[in-house]
Amino acid sequence: MCTKKEETVQYSSEEDCQSPEQPNDMDSTPTARKGSFGEMEDCDDQTLNHLDSSYNHSGVVDFTDPPHSGSTPRQPQPFSSENSGSVPHMDEGDTVVWNPEEDLIGLDDDSDIVVVTLNYDNTEEVVQDDLSSPFGHGSPILLPSARSLFSSQMQTSNMEAGQTGQDSGLIPPEDSHPSSSGLLPQSVSAGNSENLANHLHVSIRRIKVVEDLLAVFMENNLWNQTLKMEFVNERAIDDAGVSREVYTAFWEQFLEQCEGETERVPRLRPDFCESEWQAIGHIWVKGFLDHGVIPVRLSKAFILACVHGIESVDDDVLIPSFLNYLPLVERSAVEKALQGTMDQGDEEDLLDLFTRMGSHFLPPNENIQQAIETMAHKAILQEPKYILDCFSTSMACVQVELADKKSLLSLYEKKKASGKRLLQLFESANVTLSQREQTTFNHLQRFVKNADEDKAEKILRFCTGSSVICVDKILICFNTETGLNRRPVARTCGATLELPCTYSSYPDFRTEFDNILSSNYFEMDII
C-alpha cells in the first residue's frame with residue numbers, strides 16, 4: 001500500500017484491498033485525510049517484501065521507508081478475477097484497523113507519513129474452516145500476507161451489501177446453519193416458500209403451442225399449481241394476459257384439426273392416445289377455472305356429454321349443435337327438411353349429407369326428423385365416444401360450476417363476443433375527456449358496434465388475449481402519437497387499450513385498426 005501527497009482518500013470498490021469475507025471497517029474513515037489507496041506506480045517486489053517483514057514483526061508499517069537500492073521498478077498489474085485467484089478467509093484478528101483519532105496522534109500537519117496499526121496475530125498461520133465455509137470442511141486456509149492484500153480480488157457490490165447487513169445484525173453470520181431450502185433468500189418465510197413451490201413457469205413456442213402445452217400437462221400434476229407461461233422469444237410477464245393468449249392460441253390450433261364448421265367436434269387422430277386426450281380435457285378445465293377461457297367453437301352437446309354424460313344430452317341441445325356443425329348449404333337443407341319445406345335442390349343437398357354419413361338414400365318424409373336426430377347423435381356423440389370418455393376423466397370436476405344443461409348453455413352465451421357486448425365492456429380511464437379524446441372514443445364505439453362476430457373476437461383478443469369474454473371491463477386511454485409511432489397498443493394483463501387521439505377522420509381510424517386485426521399476427525412485448 002502506498003500513499004500520495006495531497007490527495008483525498010476515497011475508498012471505492014475498485015480501490016479497497018480487503019478480502020471478500022472481511023467487513024469494510026474503513027467506510028467510516030473521514031475523507032478529508034492525506035493519503036490514498038490504489039496508487040501503485042512506485043511499488044515493487046522489495047517494497048512488498050519489506051512490508052511483509054514489517055507486517056510480521058513490528059505491527060507498525062512506515063510507508064516512507066524506501067526499498068533497497070538496486071531494485072528494478074515493476075509496472076503495476078491491474079486487479080482482475082483472472083490473475084487474483086480465490087481470496088482466503090480472514091478473521092477479525094487479521095483486520096486492518098485505521099482509527100484516525102489514535103493512529104495519527106503526534107503527527108504534524110506537514111508530515112507526509114501515514115502510520116497504520118495492524119492487529120496481526122503472528123502465531124496463527126493456519127486455521128480450519130467450519131462446516132459452512134465455501135472452501136469445504138476441514139480445508140486449511142492460509143492467512144494472507146501483505147503481498148496478498150494487493151493481489152486479492154476486489155469485492156463486488158453485492159458482497160459489500162451482504163457484509164454491511166451482517167455487521168448490522170440483519171444477516172446471520174456465515175457460520176450459521178443454512179436455510180432448508182438452500183436456494184431461497186433467508187428473508188423468505190416457510191409460507192412464501194410453499195407459494196413459490198406451487199408456481200410452475202413454462203415456456204411455449206407459439207408455432208408449437210399444441211405440442212408444448214400438451215407436454216406440460218402430461219408431465220405435471222397441475223391441479224393445485226399456479227401455472228405461469230411465456231412465449232419463446234417474446235418479452236412478457238404473465239399476469240393472466242399471457243396465459244389467456246396461450247390457451248386461446250392452443251384452442252385455435254387444436255380446433256383446426258377438428259370436424260365441423262361453426263361448432264366443431266374432435267376426431268380421432270393416430271398421433272393421440274389416451275394420455276393426450278386426457279391432457280386436452282385437463283387444459284379445458286384449467287383454462288376455465290383459472291382464467292375463464294373456454295373454446296366456444298367446441299360443440300355444446302359434446303361438452304355437456306363430457307361433464308354430465310351422454311344421457312344428459314337431449315334433442316334441444318343436440319339438434320342446434322348439429323346444425324352449427326354442418327356447412328351452411330347442408331344446414332339450410334336440414335332446417336327445411338325439419339320444417340317440411342324442402343324443394344328439389346334441397347333434397348339433393350340432403351342426399352349428399354346422408355351419403356357422407358353412411359346412408360345412401362333419403363328416408364320418407366314422415367321419418368325424416370328421426371333420421372336427422374340419429375345422424376346428429378352419431379356425428380356429435382357416437383363417433384368421438386372414446387375422446388368423450390377421456391375428456392370426462394378431467395371434466396367431471398366442473399360439475400359444481402356447470403350443474404346442469406342450463407348453466408352450460410348460459411356459460412356459452414356469456415362468453416361469446418359481439419359488438420354490443422364489447423361496447424358494454426369499454427370504460428374510459430379518464431372521467432373527463434378532451435374534444436380529441438372524445439372524438440377518438442366515438443370512432444372506437446362506431447367501429448366495434450358494426451363489427452361481426454369474427455371481428456369482435458379479434459378485437460377482444462387484441463385487448464385481453466382471449467377471444468371470449470373473460471374480463472369485467474376494458475379500460476380505454478389515449479396518447480398523442482403521430483407518424484410511424486401512431487398505432488393502437490393493448491395491454492392484455494390489465495385489459496387496457498391505448499389509442500392515439502390524432503386521427504383526422506373515422507375512415508382513417510378504421511383503416512389503421514383493420515390493418516392490425518387483418519394481419520392475424522400477435523406477439524407479446526413489454527412497452
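**Aromatic pairs, salt bridges and surface charge**

Ring pairs join Phe 250, Trp 251, Phe 254, Phe 272, Trp 277, Phe 302 and Phe 391 into a cluster. The structure is a predicted model. In total, 14 aromatic pairs were counted. One of them is formed by Phe 462 and Phe 513, in edge-to-face geometry. Their ring centres lie 6.0 Å apart, and the planes meet at 70°. Phe 462 belongs to helix α19 (residues 453-464), whereas Phe 513 belongs to helix α20 (residues 506-518). The pair therefore ties together parts that are 51 residues apart in sequence. Phe 462 has a relative accessibility of 15% and so counts as buried. Phe 513 also counts as buried, because its relative accessibility is 1%. A further edge-to-face pair consists of Tyr 503 and Phe 509. Here the centre-to-centre distance is 5.2 Å, with 85° between the planes. Tyr 503 and Phe 509 are both buried.

Charged side chains were examined next. Side chains of opposite charge can pair when their charged atoms come close. The count of salt bridges comes to 21. Glu 234 and Arg 206 form one, at 2.9 Å from N to O. Glu 234 sits in the loop between β6 (226-231) and α8 (241-255). Arg 206 sits in the loop between β5 (199-204) and α7 (209-219). The contact thus ties together parts that are 28 residues apart in sequence. Both Glu 234 and Arg 206 are buried.

A salt bridge also joins Lys 336 and Asp 346, whose closest N and O atoms are 3.4 Å apart. This pair links distant parts of the chain, with Lys 336 in helix α12 and Asp 346 in helix α13, ten residues apart. The two partners fall into separate burial classes: Lys 336 is partly exposed, with a relative accessible area of 29%, and Asp 346 is buried, at 8% relative accessibility.

Glu 427 and Lys 473 form another salt bridge, with 3.8 Å between the closest N and O atoms. Glu 427 is in strand β9 (residues 426-428), and Lys 473 is in the loop between α19 and β10 (474-479). The bridge links distant parts of the chain, 46 residues apart. Glu 427 has 36% relative accessibility and therefore counts as partly exposed. Lys 473, at 41%, likewise counts as partly exposed. Salt bridges with shared partners connect Arg 206, Glu 234, Glu 245, Glu 252 and Arg 461 into one network. The buried pair of Glu 234 and Arg 206 is thus part of this network, because the two residues are among its members.

Negative charge also gathers on the surface. Asp 343, Glu 347, Glu 348 and Asp 352 make up a patch there. Asp 352 is placed in helix α13 (residues 344-356). Its relative accessibility is 48%, so Asp 352 counts as partly exposed; the class of exposed residues begins over 50%. Helix α13 also holds Asp 346, the partner of Lys 336.

The loop between α12 (328-339) and α13 contains Gly 340. Gly 340 is exposed, because its relative accessible area is 61%. Gly 340 and Glu 366 are 26 residues apart in sequence. In space, the C-alpha atoms of Gly 340 and Glu 366 are 9.5 Å apart.

Note on methods
Residues numbered from 1 in each chain as written. Predicted model: local features only at pLDDT ≥ 70, side-chain atom pairs only at ≥ 80, totals over all residues. Heavy atoms only, no water. Patch = residues over 30% accessible without salt bridge, like charges linked within 9 Å, V, L, I, M, F, W, Y side chains within 5 Å. Areas by Shrake-Rupley, 256 points an atom, 1.4 Å probe, with all protein chains shown as cover. Salt bridge = Lys/Arg side-chain N within 4 Å of Asp/Glu carboxyl O. Lys, Arg positive; Asp, Glu negative; His and termini not counted. Charge placed at Lys NZ, Arg CZ, Asp CG, Glu CD. Helix = DSSP H or I, 4+ residues; strand = E, 2+ residues; numbered from the N terminus. Buried < 20%, exposed > 50% of the residue type's maximum accessible area, 1.4 Å probe, protein only. Phe/Tyr/Trp six-rings, centres within 6.5 Å; stacked < 30°, edge-to-face > 60°.
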